[in-house]
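Biologist: Got a minute to walk me through this one? I'd like to start with what's tucked away and what isn't.

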Amino acid sequence: MTRASVVGADMTTFGVHERTLTELFATAALGAYDDAGVGPDDIDALYFGNAMGGQTENDTHLAPAVAAQIGLAGIPCQRFEDACATSSNAFKNAVEAVEAGVHDTVLVGGVERCTPETGLGTGEMTRIFASASDRYYEQPTGLTFPGVFALHTKRHMHEYGTTEEQLAHVAVKNHANGTRNPNAHFGKEITVEDVLDSPVVADPFRLMDCCPFSDGASAVVVTSDENADSFDNPVDVGGVGHATDIVPLSAKPVVQATQAARDAASQAYEQAETSADEMDFAEVHDCFTGAEVMASEAIGFFEDGEGGPAAAEGRTAIDGDRPINPSGGLKAKGHPIGATGTGQIVELTEHLRNNAGERQIDGAERAVAHNLGGDAATTVVTVMEARE
């Protein structure tokens, strides 16, 4: 079943940018126009993601501001904020609007700047990121997101015996994939020893278990199933699941389960009338190596407790039987918060068009994207399929 289709996709490099938020988003948006072969007159609405512009750059009311830079002034424009799941939530709403006939064609995307180019150092940016944690039980203790996901991962290690070496294999694999992605923030060959020798950030995570702060933007053009045949290379959206979980972390019944991801994945597979077994690869939210292990189990690629061994055995490599994060993931491609969700949609679109260059998953016909927000209390899972 097709709910909507992606007919244009583009992104900036993820890394360090001097350009403003509006300039960055315009670069991705104009690229998506070109890819779709459309202009501003063909777009009925803008669904736009930005999580932190007000806190980092005193820049709010951004949806009409970016619209004015890309010829969309006058049409309905709305901004979404859902922590790291910001632009995937915008994408979900765009799919629903097109499917319901509210709009025919929507531009969706996101932008963020998180590097010192904002004028903010790592400490201040870490504090701003932590505003997505619980205000009353977590922030006063000084808990930041490396600590949040360290707690998730330590419980996973306790329950299943997952090891630091297995986590390190996730970093090694994603950095290797990043060398094949011209849009990646980082990409270099590293070893398990390099990861294990890097400084401890929050036990069990070391520096090379953590994704970087990045700047960047991404955008896609979404249209109806009926319109899609008039475009070159449409990619169909079969399902978009969206679920939430309890906040704070201490109140989650089974913290390492990341229950919202399991619920969102079930919704997405059911809508698309498919299953995890039918997916040729996945892009998942690996803000930390342990997060990829838990995500690989939550989306059904592996049984609980098998995600760590699978990473160590190479099963999640590009040439493995269950490839995960061929883009390099957040770990190597980078993580500009508001752009990450639609950045995953760009990656799925390129593979399903057989246009992903050196990192192409051979014969990819179906794929799934997993994007979480906060302490995994929000997750959006999207299933996409090449159009026959």
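Modeller: Sure. First a term: a residue is called buried when its relative accessible area is under 20%. Also keep in mind that this is a predicted model.

Biologist: OK, so with that cut-off, which residues of E7 are buried on one side and which on the other?

Modeller: On one face you have Gly216, Ser218, Val220 and Val222, and on the other Ala217, Ala219, Val221 and Thr223; all of them are buried, so both faces of E7 are covered.

Biologist: And how many of the residues of E7 does that make?

Modeller: Eight of the eight, so E7 is largely enclosed by the rest of the structure.

Biologist: What sense does E7 pair in with E1, and over how many bridges?

Modeller: E1 and E7 run antiparallel, over six bridges. Methionine 11 sits opposite serine 218 of E7. E4 pairs with E7 in the antiparallel sense too, over eight bridges, and there glycine 109 faces alanine 219.

Biologist: Zooming out, what's the strand order in the sheet?

Modeller: The sheet is open, with nine strands in the order E3-E2-E4-E7-E1-E8-E11-E10-E9 and mixed pairing. E3 (77-80) and E9 (281-283) are at the edges with a single partner strand each, so one side of each has no neighbour in the sheet. On average, neighbouring strands are turned by 25° against each other, ignoring direction.

Biologist: What about E8 and E11, how many bridges there?

Modeller: Nine, in the antiparallel sense, between residues 235-244 of E8 and 378-386 of E11. One of the partner pairs is glycine 241 with valine 381 of E11.

Biologist: Which strands does helix H4 touch?

Modeller: H4 (residues 86-100) packs on the sheet and touches E1, E2, E3, E4, E7, E8, E10 and E11. The direction of H4 makes about 175° with that of E4.

Biologist: Switching topic: how many disulfides are there?

Modeller: Zero, going by sulfur pairs within 2.5 Å.

Biologist: Why is there no bond for cysteine 210?

Modeller: Because the closest cysteine sulfur, in cysteine 211, is 7.5 Å from the sulfur of cysteine 210, which is too far for a bond. Cysteine 287 is in no disulfide either: the nearest cysteine sulfur is again that of cysteine 211, 6.0 Å away.

Biologist: I might try labelling thiols. Are cysteine 210 and cysteine 287 buried or exposed?

Modeller: Cysteine 210 counts as buried because its relative accessibility is 11%. Cysteine 287 is buried as well, with a relative accessible area of 7%.

Notes:
Residues are numbered from 1 along each chain as its sequence is written. This is a predicted model: local features need pLDDT of at least 70, side-chain atom pairs count only at pLDDT 80 or more; totals for chains, interfaces and linings use all residues. Side-chain values use heavy atoms; hydrogens and water are left out. Two strands pair if DSSP finds at least two bridges between them. Helices (H or I, at least four residues) and strands (E, at least two) are DSSP runs, numbered from the N terminus. Axes are lines fitted to C-alpha atoms, for helices over the stretch in contact, and angles run from 0 to 180 degrees between N-to-C directions. Contact means heavy atoms within 4.5 Å. Buried means under 20% relative accessible area, exposed over 50%, partly exposed in between (1.4 Å probe, protein chains only).
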